[in-house]
Amino acid sequence: MNRFYLVILGLLGIVGQTSAQVTTLNEVLQLAQAQSVSAKRANTQQRTNIWAYRSFLAQFKPQLSLDGSLPNFTRSYVQVTQPDGNIRFEPVSYNNSILNLSLSQTIAPTGGTIFVQKQLQRFDNFIQNSTLYNGIPFGIGLSQPLFQFNQMRWDKKIQPLLFAEGNQQLIESLEQVSLTATNLYFDLLVSQVNLQIAETNRVNNDTLYHIALHKLDLGKISQNDLLQLQLSVLNAEKDLASARQTAAVASLKLKTFIGYRTEANDRSVISQTRPLELAIPNQIPDLTVDVNRAINEATANRAAAIAFKRRLLEAERDLEKARKNNGLNATLTAGYGLSNQGPSLIDVYVRPQNREYVSLQFTLPIMTWGRAQAIVETAKANRELAQQTVEQDKLTFEQEIFTQVTLLQMLRQQVTLTAKADQIGQSRYQIAQDRFKLSDLSVTDLGIATQEKDRARRDAILALRDYWQAYYTLRLLTLYDFDTNQKLK
């Protein structure tokens with residue numbers, strides 16, 4: 001097993017670039033999560049989620065506000081009805097300024113608002129050269145909806161779930177970055193292995209062709225076999241050119257995704273023009289993942305599991321909203337305080353009078369021709385649909401994790417088997433090559449040994465790719481690291 005990985009690592013070096021720094025999978029993942037555009041976008045979305053939740057929490061704290069009109073000047077002619085019914089247009093020139101300072105507090109369980117206020121109003125009549133003040137030194141009031149839908153009560157249930165969902169989505173987004181980087185990593189790794197296979201085959205085929213020329217002179221090989229070897233040399237040249245192009249494209253894709261830039265004295269950053277040599281991630285974790293534990297971790301950690309609860313609550317909220325908004329709606333407004341007026345500012349605060357008000361406004365639909373019932377029944381149907389959809393999504397959620405756990409265990413066995421097959425393929429090809437040089441093997445059998453050797457090498461790398469893709473997919477589905485037995489944060 002160790003010999004296999006050493007052979008692969010040796011084949012990964014590009015000719016003339018043996019001094020290139022080898023980059024590991026972990027290094028690529030760290031760079032991707034630190035500087036890729038996808039990771040930066042995920043962090044930006046998280047900041048948006050945080051500020052949105054802070055904005056929600058601020059709604060339930062006391063709000064202090066100052067509003068008014070200062071100045072509020074008017075100069076015009078206004079219509080004035082005379083005692084005899086005639087109309088006269090009188091000139092007016094005044095400033096009617098007002099300031100209101102209020103402290104309000106929402107009441108989430110009832111949906112109402114209680115407030116305390118101070119108000120001052122000044123009226124200046126410039127034509128009569130007079131000034132009048134009016135004010136509320138102190139006032140307290142209540143605005144309470146009755147029989148209405150209480151949005152704040154539902155927000156207190158749903159918004160924390162949205163916030164928690166957003167937090168987990170950040171972790172999932174970063175794990176998705178890791179999974180994407182892993183896929184691009186192995187795309188480049190496979191292309192580099194194919195390039196080294198193509199280079200090795202070109203050299204070997206060229207060597208064997210020149211040996212065959214000598215054997216033809218000695219009469220130990222036919223002209224047909226010589227032409228077949230010559231064709232193999234040409235095919236090897238064509239495969240090498242194609243492998244070089246594929247490796248260059250794969251390298252550019254990986255570098256672009258993880259955000260490589262050219263910076264002096266920074267060993268963690270690699271130039272776009274510098275070849276990127278990848279190491280084989282051969283240290284496979286020895287994992288035995290329990291399916292039930294994986295499902296439990298996913299249920300506790302995944303944003304989708306939180307979304308199940310949120311979607312059911314939203315369906316219940318919409319049903320209550322349909323019921324409340326299509327029945328009796330009323331609003332009770334009441335207030336108590338002190339008020340006064342006078343020609344000077346001090347008059348507002350000298351022996352102020354009581355100020356009370358109370359009102360009840362209501363709306364009661366009498367005949368809606370079934371519209372209210374239709375809206376409620378629609379909301380009921382949507383709630384049932386949400387419940388059924390969430391139930392199906394839960395089953396899919398668990399089935400996906402079960403499949404991934406099973407796949408991970410199977411792929412670990414595939415890695416071991418393909419590594420052994422690669423060792424056998426390399427040994428068999430070496431024996432076949434030696435036998436051909438001794439005129440003890442046909443060109444056809446040599447070609448078969450070459451093909452099987454190349455296929456075994458590619459299968460070994462592809463098995464590693466499938467395993468690591470499955471490993472990081474399981475991390476993404478559970479947000480749990482089964483190697484270190486820790487939740488992802």
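**Around Leu-254 and among the aromatic rings**

Leaving aside residues up to four places away in sequence, Leu-254 is in contact with Val-28, Ala-181, Leu-184, Tyr-185, Leu-188, Leu-276 and Leu-278. This picture comes from a predicted model, and a reader who wants to find Leu-254 in it should look in helix H5, which covers residues 223-258. Is Leu-254 buried or exposed? Its relative accessible area is 0%, and because buried means under 20%, Leu-254 counts as buried. Another residue to look for from here is Thr-182, which stands 72 residues away from Leu-254 in the sequence, while the two C-alpha atoms are 9.3 Å apart in space.

From this one residue we can step back to the chain as a whole. The chain has 489 residues, of which 38% are buried, and its secondary structure comes to nine helices and eleven strands. If we take the contacts in the chain with a separation of 6 or more, 76% of them are accounted for by residues 24 or more positions apart. The surface that the chain exposes comes to about 28,000 Å², and carbon and sulfur atoms supply 54% of that area.

The aromatic rings offer another way through the structure. A pair of aromatic rings is described by two quantities, namely the distance of the centres and the angle of the planes. How many aromatic pairs does a search of the whole structure find? The search finds twelve, and one of them is formed by Phe-73 and Phe-126, whose ring centres are 5.8 Å apart and whose planes make an angle of 55 degrees, so that the pair is classed as tilted, being neither under 30 degrees nor over 60. This pair links distant parts of the chain, for Phe-73 belongs to strand S3 (residues 73-81), whereas Phe-126 lies in the loop between strand S5 (112-125) and strand S6 (130-146), and the two are 53 residues apart. Phe-73 has a relative accessibility of 46% and therefore counts as partly exposed; Phe-126, at 47%, also counts as partly exposed.

Elsewhere, ring pairs join Tyr-53, Phe-56, Phe-60 and Phe-163 into a cluster. Phe-60, a member of that cluster, also has a charged neighbour, since Lys-156 lies over the face of its ring at 5.5 Å from the ring centre. A similar arrangement can be found at Trp-51, where Arg-54 lies over the face of the ring, at 4.6 Å from the ring centre.

Methods
Residues are numbered from 1 along each chain as its sequence is written. This is a predicted model: local features need pLDDT of at least 70, side-chain atom pairs count only at pLDDT 80 or more; totals for chains, interfaces and linings use all residues. Side-chain values use heavy atoms; hydrogens and water are left out. Rings of Phe, Tyr and Trp (its six-membered ring) pair if their centres lie within 6.5 Å; planes under 30 degrees apart count as stacked, over 60 as edge-to-face and the rest as tilted. Helices (H or I, at least four residues) and strands (E, at least two) are DSSP runs, numbered from the N terminus. Buried means under 20% relative accessible area, exposed over 50%, partly exposed in between (1.4 Å probe, protein chains only). A charge sits over a ring if NZ of Lys or CZ of Arg is within 6 Å of the ring centre and within 35 degrees of the ring normal. Contact means heavy atoms within 4.5 Å. Accessible areas come from the Shrake-Rupley method with a 1.4 Å probe; for residues, only the protein chains shown count as cover.
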